[in-house]
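Biologist: I'd like to go through this one slowly and ask where the labels come from. Can you walk me through it?

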Amino acid sequence: VAGLTARRLGVIRSIDKGANWSAPVFITELQSIGARDPQTSTPIRDGALIPAIATAPNGALWAVWQDARFSNGARDAVALSRSTDGGATWSAPAAINTASNVAAFAPAIAVRADGLVGVLHYDLRADTADASTLLTSVWLLTSRDGVAWAETPVLGPFDMAQAPNARGLFLGDYFGLAAAGNTFLPLVTSAAANTDNRTDIVSLRIEPAAAATLRARLPPSRKPSALERARWREAEHAVTLRLMEQRVPSWSARVLARPPRDN
């Protein structure tokens, strides 16, 4: 398909704790194009070539990655494939993000102790025609069978246009998903308007409810007001200060006492 960059996605397997490895097992072509600001075409540095994989308690393997095949190369979606035979064979790729008309990117995956699969990702469904902002949200998808998915809002919307630009709008490598027992633990990064603190890192605990309950509670997408964005940034900043103070006593006082940097 024109516009797609095709690469092969595969796994290698070991049955002796890494002493020996199999030949690569081909899963599919990796047809990601990377996310961009739909108004300005500014690229988002999203790790589009980096898949993620997780193992379920029953031995099933789950892989996720960005892929534009579902929109004929127009935008990346979150693609998923599953193996129930130790990685020897894999299911056909399926798009699982619910907002299919916007780019979805940076997927991470984990499986709870009870077998519930969680996929964390960012998307642009809250964005508007305002070229000065790029409203971005973070979502957690959950499923037991890989077919029916529930969606939980995790973070945002925040303005990705405020992120540092390092060959693209860049939140850094500090996001992912883990599971502890029957709790998902997302670690996510958002952009902040403070030029001395361009990004914030937030860690959460999430125990998703039933799918019907989640969908009923989701608010309609809209652009937040300036006051709402300011309050959200203040709340994020307060959480960051509190968490760092718990880890390093007096950290807040030292950081806030630093003289402003020259522009």
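Modeller: Sure, one definition to begin with: buried means under 20% relative accessible area, exposed means over 50%, and partly exposed is in between, with a 1.4 Å probe and protein chains only. This is a predicted model, where local features need pLDDT of at least 70, side-chain atom pairs count only at pLDDT 80 or more, and totals for chains, interfaces and linings use all residues. Residues are numbered from 1 along each chain as its sequence is written, and side-chain values use heavy atoms, leaving out hydrogens and water.

Biologist: Why is Leu204 called partly exposed?

Modeller: Leu204 has 25% relative accessibility, so it counts as partly exposed.

Biologist: And what does Leu204 touch?

Modeller: Skipping residues up to four places away in sequence, Leu204 touches Val154, Phe184, Leu185 and Pro186; contact means heavy atoms within 4.5 Å. Leu204 and Pro186 are 18 residues apart in sequence, yet 5.7 Å apart in space, C-alpha to C-alpha.

Biologist: Why does Tyr174 count as exposed?

Modeller: Its relative accessibility is 51%, so Tyr174 counts as exposed.

Biologist: What makes a nonpolar core?

Modeller: It's a set of buried Ala, Val, Leu, Ile, Met, Phe, Trp, Tyr and Cys residues joined through side-chain atoms within 4.5 Å. The largest one here has 29 residues, and Ile44, Phe105, Tyr122, Val138 and Met160 touch the most other members.

Biologist: Which residues does Val138 touch?

Modeller: Again leaving out residues up to four places away in sequence, its contacts include Leu120, Tyr122, Val154 and Val188. There's also a second, separate core of 15 residues, with Ile96 and Trp149 among them.
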